[in-house]
Amino acid sequence: MAVDQTHDPEQCKAVDVGITRVFQVLGKRWNGPILSVLLDRPTHFATLRRAIPGISERMLSDRLTELGAAGLVVREVDEGPPLRVSYRLTAAGAALEPSLKELGAWAKEHLPDDSSC
């Protein structure tokens, strides 16, 4: 007795849409470290720049804009003088905390130590 196959086996191999969307944001270089710094507290641009070695001001600005467009980060202008800009996580960004901490713990256990960071 033959089994009638009613689904497309190729669809079973498709990548989960949610995972694809997550890594479109978190998979970009610098987004993880930016979110990690912002988990602790709202942070001024210059402080954020110093906290992430190797990132240029332009790249930081671009990534913060992308994270803002994704609804994870909010830009706030602190009235001066001097005028200062700070960034904080939205509720959606803050909700990433358990996942980011789990990924960090996983990396410590399973990825080779890279002492150059």
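How much area does the chain expose, and what share of it do carbon and sulfur atoms supply? In this predicted model, the chain exposes about 8700 Å², and carbon and sulfur atoms supply 55% of that area. The chain has 117 residues, of which 22% count as buried, and its secondary structure comes to seven helices and three strands. The points below go from the overall layout to particular side chains.

**Overall layout**

- Read from the N terminus on, the elements of the chain follow the order α-α-α-β-α-α-β-β-α-α, which gives the seven helices and three strands of the secondary structure.
- When the contacts in the chain with a separation of 6 or more are considered, 44% of them are accounted for by residues that stand 24 or more positions apart.

**The aromatic pair**

- The structure holds one aromatic pair, and its two rings, those of F45 and Y87, have centres 6.4 Å apart and planes at 55°, so the pair is described as tilted.
- The angle of 55° between the planes of F45 and Y87 leads to that label because planes under 30 degrees apart count as stacked and those over 60 as edge-to-face, with the rest counted as tilted.
- F45 belongs to helix 4, which covers residues 45–51, while Y87 belongs to strand 3, which covers residues 84–89, so the pair ties together parts of the chain that are 42 residues apart in sequence.
- Y87 has a relative accessible area of 8% and is therefore buried, since buried means under 20% relative accessible area.

**Salt bridges centred on E66**

- The count of salt bridges comes to five, and among them is the one in which the side chains of E66 and K28 meet, at 3.4 Å from N to O.
- E66 lies in helix 5 (residues 57–69), whereas K28 lies in the loop between helix 2 (17–26) and helix 3 (31–40), so this salt bridge ties together parts that are 38 residues apart in sequence.
- The side chain of E66 also meets that of R63 in a salt bridge, with 3.2 Å from N to O, and these two residues are three apart in helix 5, a separation of about one helical turn.
- Through these salt bridges, K28, R63 and E66 are linked in a network.
- The members of the network can be compared by their accessibility: R63 is buried, with a relative accessible area of 13%, while E66 is partly exposed at 28% and K28 also counts as partly exposed at 35%.

**A further salt bridge in helix 5**

- R58 forms a salt bridge with D62, and the closest N and O atoms of the two are 3.4 Å apart.
- Both R58 and D62 lie in helix 5, where they are four residues apart, or about one turn of the helix.
- R58 counts as exposed, at 63% relative accessibility, whereas D62, at 29%, counts as partly exposed.

**A nonpolar patch on the surface**

- V15, I19, V22 and F23 form a nonpolar patch on the surface, and together they have about 380 Å² of accessible area.
- One of these residues, V15, has its place in the loop between helix 1 (9–12) and helix 2.
- V15 counts as exposed because its relative accessibility is 60%, and exposed means over 50%.

Note on methods:
Residues numbered from 1 in each chain as written. Predicted model: local features only at pLDDT ≥ 70, side-chain atom pairs only at ≥ 80, totals over all residues. Heavy atoms only, no water. Phe/Tyr/Trp six-rings, centres within 6.5 Å; stacked < 30°, edge-to-face > 60°. Buried < 20%, exposed > 50% of the residue type's maximum accessible area, 1.4 Å probe, protein only. Contact = heavy atoms within 4.5 Å. Areas by Shrake-Rupley, 256 points an atom, 1.4 Å probe, with all protein chains shown as cover. Salt bridge = Lys/Arg side-chain N within 4 Å of Asp/Glu carboxyl O. Patch = residues over 30% accessible without salt bridge, like charges linked within 9 Å, V, L, I, M, F, W, Y side chains within 5 Å.
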